[in-house]
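Dear colleague,

I am handing over the structure below, together with some notes on what was found in it. Please read the notes with the structure open beside them.

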Amino acid sequence: MVYVDDILITGDDEEGKQSLGRHLDKEFEIKRLGRLKYFLGIEVAHSKHGIFISQQKYVTDLSNDTRKLACKPAITPIDPNHRLGESKEDEMVDKDMYQRLVGKQIYLSHTQLDIAYALSIVSQFLHSPRKAHLQAVHRILQYLKGSLGKGTLFKRDTGLHIEAYTDANYVGSVTNRRSTSGYCVLIGGNLITWRSKKQNIVSGNGTWHM
């Protein structure tokens with residue numbers, strides 16, 4: 001994996017990784033940092049139980065940048081009974097600021113599945129954000145503050161048994177009556193992919209579409 005000048009080499013072939021490293025050394029000036037601990041804002045902790053990834057520093061920096069370090073923590077990333085719509089009666093907020101803040105939170109969803117649904121809601125108003133939408137974004141920050149240290153654990157030696165779960169909130173959108181569907185897939189009990197997305201069409205008779 002390469003991002004600008006950050007390179008991550010991984011795999012189960014130790015000889016192959018060492019060989020690739022030697023070839024790269026011949027062409028580029030490379031500084032090897034040993035076992036992976038931090039990569040692109042993602043913290044990596046190794047233990048006998050497996051590999052744990054989180055973004056605690058990223059959350060702290062984001063809270064500091066948005067002056068939310070002293071905010072009151074929230075127990076959920078969004079009001080479970082929210083009816084967030086276009087809110088045209090509310091005053092508009094700075095669109096660029098709103099988009100940057102949502103984008104940074106989307107990056108956090110790489111390690112925290114629990115904010116995926118809330119982000120799918122606030123992302124629907126990127127082009128015309130209102131005060132109510134910004135308040136919902138700030139609530140995600142409040143939740144993140146109260147859940148520092150949460151992340152994703154990839155357990156060792158759990159086999160290759162595949163599990164998949166999916167659900168939808170029927171006609172959940174107040175703007176166009178579309179449902180929001182979500183899914184997650186696990187291999188050996190380890191979460192590998194997840195998503196929460198508003199459906200493209202209006203569901204009927206209890207059916208829904210991915």
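In this model, which is a predicted one, Gly 16 belongs to helix α1, a helix made of residues 14-27. Gly 16 counts as partly exposed because its relative accessible area of 32% lies between the limits of 20% and 50%. Between the C-alpha atoms of Gly 16 and Leu 108, which are 92 residues apart along the chain, the separation is 32 Å.

Another residue to look at is Thr 111, which sits in the loop that runs between α3 (95-108) and α4 (116-122). Thr 111 has a relative accessibility of 1% and therefore counts as buried, the cut-off for that word being under 20%. Leaving aside residues up to four places away in sequence, Thr 111 is in contact with Ile 42, Ile 53, Ser 54, Gln 55, Gly 151, Thr 152 and Trp 194.

Some of these names return in the strands. Strand β4 (residues 42-47) and strand β5 (residues 50-54) run antiparallel and are joined by 5 bridges, while the hairpin that leads from β4 to β5 passes through 2 residues. Strand β5 also pairs with strand β6 (residues 151-155), again in the antiparallel sense and over 5 bridges. Ile 53 in β5 can be followed across both pairings, since Val 44 stands opposite Ile 53, and Thr 152 is the bridge partner of Ile 53 in β6. Both Ile 53 and Thr 152 are among the residues that Thr 111 touches.

With best regards

Conventions: Residues numbered from 1 in each chain as written. Predicted model: local features only at pLDDT ≥ 70, side-chain atom pairs only at ≥ 80, totals over all residues. Heavy atoms only, no water. Helix = DSSP H or I, 4+ residues; strand = E, 2+ residues; numbered from the N terminus. Buried < 20%, exposed > 50% of the residue type's maximum accessible area, 1.4 Å probe, protein only. Contact = heavy atoms within 4.5 Å. Pairing = 2+ DSSP bridges.
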